[in-house]
Amino acid sequence: MSTKTTNEFGGEIGGVTLLGKAHSLSALFIVMLRATIGGMILFAGLGKITGEAFDASGYLVHGVDAASPVSGLYAAMGSTAWFVEFANVFVPATQLLIGMALIAGAFVRLAALGGAMQMTLFYLGGWSGDALALFDSTLVYAVVFLTVAAFGAGRVLGLDAYIERLEVGGQALVEKFPVLRYVLG
């Protein structure tokens, strides 16, 4: 396997140009990162379905630190029966779907954004107001999900590379429907 650096990436943010060159092993590592974070959230969802009965109200009412900026909102959600029932289905179902999508490399940007949003919600609920608690594992997970999305990790040994090239009316899917570029990759 060659270790020659050939992949360039970059962009401009706030008038600052960022340029970099990725190592040839970067593609392998982004696939491993995608599969690892996908497996992590897949098994979190499976645990909620196959383990003890999952009840979102336990977290929403009792698991959120009072110093969290969302403690009042989460307590209100936890005391609303229809919302708890919705969350009891939605959280494990989305964790399963996000995990399967990331492992397969299908609709990776959409799945990774969903994972990042879920981790951000868990992060906000778990924050104790302590400066040292600003950086915890759920924040790291959110950043990993966003990294997987940013690198278009579904195009590397993933189904997104094939989905993007599917022909619809003689055109590649993403050419016919350019908005799909935001969810594939």
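**Exercise 1.** Which residues form one aromatic cluster with Trp82?

*Solution.* This is a predicted model. Find Trp82 in it. Phe83, Phe86 and Phe90 join Trp82 in one aromatic cluster.

**Exercise 2.** Classify the ring pair Tyr59 and Phe122.

*Solution.* Start with the total: the structure holds 5 aromatic pairs. Now take Tyr59 and Phe122. Their ring centres are 6.1 Å apart, and their planes meet at 80°. Planes over 60 degrees apart count as edge-to-face, so this pair is edge-to-face. Next, locate the partners. Tyr59 sits in helix H2 (residues 56-63) and Phe122 in helix H5 (residues 108-126). The two are 63 residues apart, so the pair links distant parts of the chain.

**Exercise 3.** Repeat the classification for Trp82 and Phe83. Is Trp82 buried or exposed?

*Solution.* Step one: the ring centres of Trp82 and Phe83 lie 5.9 Å apart, with planes at 80°. That pair is edge-to-face. Step two: exposed means over 50% relative accessible area. Trp82 has 62%, so Trp82 is exposed. Phe83 has 21% and is partly exposed.

**Exercise 4.** Which residues make a nonpolar surface patch of about 290 Å²?

*Solution.* The patch is made by Ile13, Val16 and Leu18. Place Val16: it lies in strand E2 (residues 16-22). Then check its accessibility. At 47%, Val16 counts as partly exposed.

**Exercise 5.** How much helix is there over residues 27-46 and over residues 66-84?

*Solution.* An unreviewed UniProt entry lists both ranges under "transmembrane region". Residues 27-46 are 100% helix, with end C-alpha atoms 28 Å apart. Residues 66-84 are 63% helix, with end C-alpha atoms 19 Å apart. Strand is 0% over residues 27-46 and 0% over residues 66-84.

Notes:
Residues are numbered from 1 along each chain as its sequence is written. This is a predicted model: local features need pLDDT of at least 70, side-chain atom pairs count only at pLDDT 80 or more; totals for chains, interfaces and linings use all residues. Side-chain values use heavy atoms; hydrogens and water are left out. UniProt positions are given in the numbering used here, feature names are shortened, and annotations may be inferred rather than shown by experiment. Helices (H or I, at least four residues) and strands (E, at least two) are DSSP runs, numbered from the N terminus. Patches are made of residues with over 30% relative accessible area and no salt bridge: like charges are joined within 9 Å, nonpolar side chains (Val, Leu, Ile, Met, Phe, Trp, Tyr) within 5 Å. Accessible areas come from the Shrake-Rupley method with a 1.4 Å probe; for residues, only the protein chains shown count as cover. A salt bridge is a side-chain nitrogen of Lys or Arg within 4 Å of a carboxyl oxygen of Asp or Glu. Buried means under 20% relative accessible area, exposed over 50%, partly exposed in between (1.4 Å probe, protein chains only). Rings of Phe, Tyr and Trp (its six-membered ring) pair if their centres lie within 6.5 Å; planes under 30 degrees apart count as stacked, over 60 as edge-to-face and the rest as tilted.
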